Amino acid sequence: MRGTLGLVFLWFGALKVANVSPVSDLVAETLAFVPLPASFVVPALGVFEIAAALALITGRWVRPFLPALLLHLIGTFLVLALHPSVAFKDGNPLLLTMEGEFVVKNLVLIAGTLMVAATLPPRRKATHPVDAPPVPIAPR
């Protein structure tokens, strides 16, 4: 699952960085409230997605990226609230447009991200000197 999510985010991120993503305009319109130009915000999201992908693929830095990735995915649902006419056909929340389907499919990516988080091995405890086994004293 980590590898598959990593591949998806690598692909999505690369498209944003290369400025050929089919959702760049939708992302820019949805994030219009951000006080930065879309020409910066969309590629920056792409860089984040690539970094998250590399963390997922390599297994390094996964823990810090998972909460950020979840927030990123949840943020995609802003489209449904801020641009319902783009997401729903004739204003009907049961009739999704192509853009609406693009957003709603993120429920699967959220589920996959939560599954990866739930199956992470436990953190290794740092050995505290008090917890360390006693050092035997050599006889004199």
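Just after α1, N19 takes a positive phi of about 60°. This comes from a predicted model, and the backbone angle stands out since N19 is not a glycine. The residue sits in the loop that links α1 (2-17) to α2 (24-30). With a relative accessible area of 59%, N19 is exposed. A second case turns up further along the chain: D90, also a residue other than glycine, has a positive phi near 55°. D90 belongs to the loop between α6 (84-87) and α7 (98-104), and at 73% relative accessibility D90 counts as exposed too.

Back to α1 itself. This helix has 16 residues, and its first and last C-alpha atoms are 22 Å apart, close to the 22 Å expected at 1.5 Å a residue. Its buried residues include L5, G6, F9, G13 and K16. They cover an arc of only 100° around the axis, so they end up on the same side of α1. On the face turned away from that buried side come the exposed residues T4, L7 and W11. As for what the buried side meets, the buried residues of α1 pack against α2, α3, α4 (62-75) and α8 (106-118).

K16 deserves a closer look. It is found in helix α1, and its relative accessible area is 7%, under the 20% limit, so K16 is buried. Leaving aside residues up to four places away in sequence, K16 touches S21, V23, V27, V42, P43, L45, G46 and E49. The last of these contacts is also a charged one: the side chains of K16 and E49 meet in a salt bridge, with 3.1 Å from N to O. K16 lies in helix α1 and E49 in helix α3 (residues 38-58), so the pair ties together parts that are 33 residues apart in sequence. Both partners, K16 and E49, are buried. A search of the whole structure finds one salt bridge. In general terms, side chains of opposite charge can pair when their charged atoms come close.

Next comes α4, one of the helices that the buried residues of α1 pack against. It has 14 residues and reaches 20 Å from its first C-alpha to its last, close to the 20 Å expected at 1.5 Å a residue. V62, L66, L69, L70, H72 and L73 are the buried residues of α4. Around the axis they cover an arc of only 165°, which puts them on the same side of α4. These buried residues of α4 pack against α1, α3 and α8.

The picture for α8 follows along similar questions of length, burial and packing. At 1.5 Å a residue, the 13 residues of α8 should span 18 Å, and its end C-alpha atoms are 18 Å apart, so the two values agree. Buried in α8 are N106, L109, I110, G112, T113 and V116. Their arc around the axis is only 160°, which places them on the same side of α8. The exposed residues V108 and A118 are carried by the face turned away from that buried side. Packing partners of the buried residues of α8 are α1, α3, α4 and α7. Taken with the contacts above, α1 packs with its buried residues against α4 and α8, α4 does so against α1 and α8, and α8 does so against α1 and α4.

That leaves the empty space. The largest pocket has a volume of about 380 Å³. It is lined by 25 residues, of which V27, L45, H72, G75 and T76 lie nearest its centre. Two of those names have come up already as contacts of K16, namely V27 and L45, while H72 is among the buried residues of α4. Many helices have a share in the lining of the largest pocket: α1, α2, α3, α4, α5 (78-82), α7 and α8 each supply at least two residues. The most comes from α4, with five residues.

Methods:
Residues are numbered from 1 along each chain as its sequence is written. This is a predicted model: local features need pLDDT of at least 70, side-chain atom pairs count only at pLDDT 80 or more; totals for chains, interfaces and linings use all residues. Side-chain values use heavy atoms; hydrogens and water are left out. Helices (H or I, at least four residues) and strands (E, at least two) are DSSP runs, numbered from the N terminus. Buried means under 20% relative accessible area, exposed over 50%, partly exposed in between (1.4 Å probe, protein chains only). A salt bridge is a side-chain nitrogen of Lys or Arg within 4 Å of a carboxyl oxygen of Asp or Glu. The expected span of a helix is 1.5 Å times one less than its number of residues. The arc is that of the directions from the helix axis to the C-beta atoms. Contact means heavy atoms within 4.5 Å. On a 1 Å grid over the protein atoms alone, a cavity is a set of points where a 1.4 Å probe fits but cannot get out, and a pocket is an open set with protein on both sides within 12 Å along at least five of seven lines; lining residues have an atom within 4 Å of a point. Grid points are joined across faces, edges and corners, and a volume is the space filled by probe spheres set on the points.
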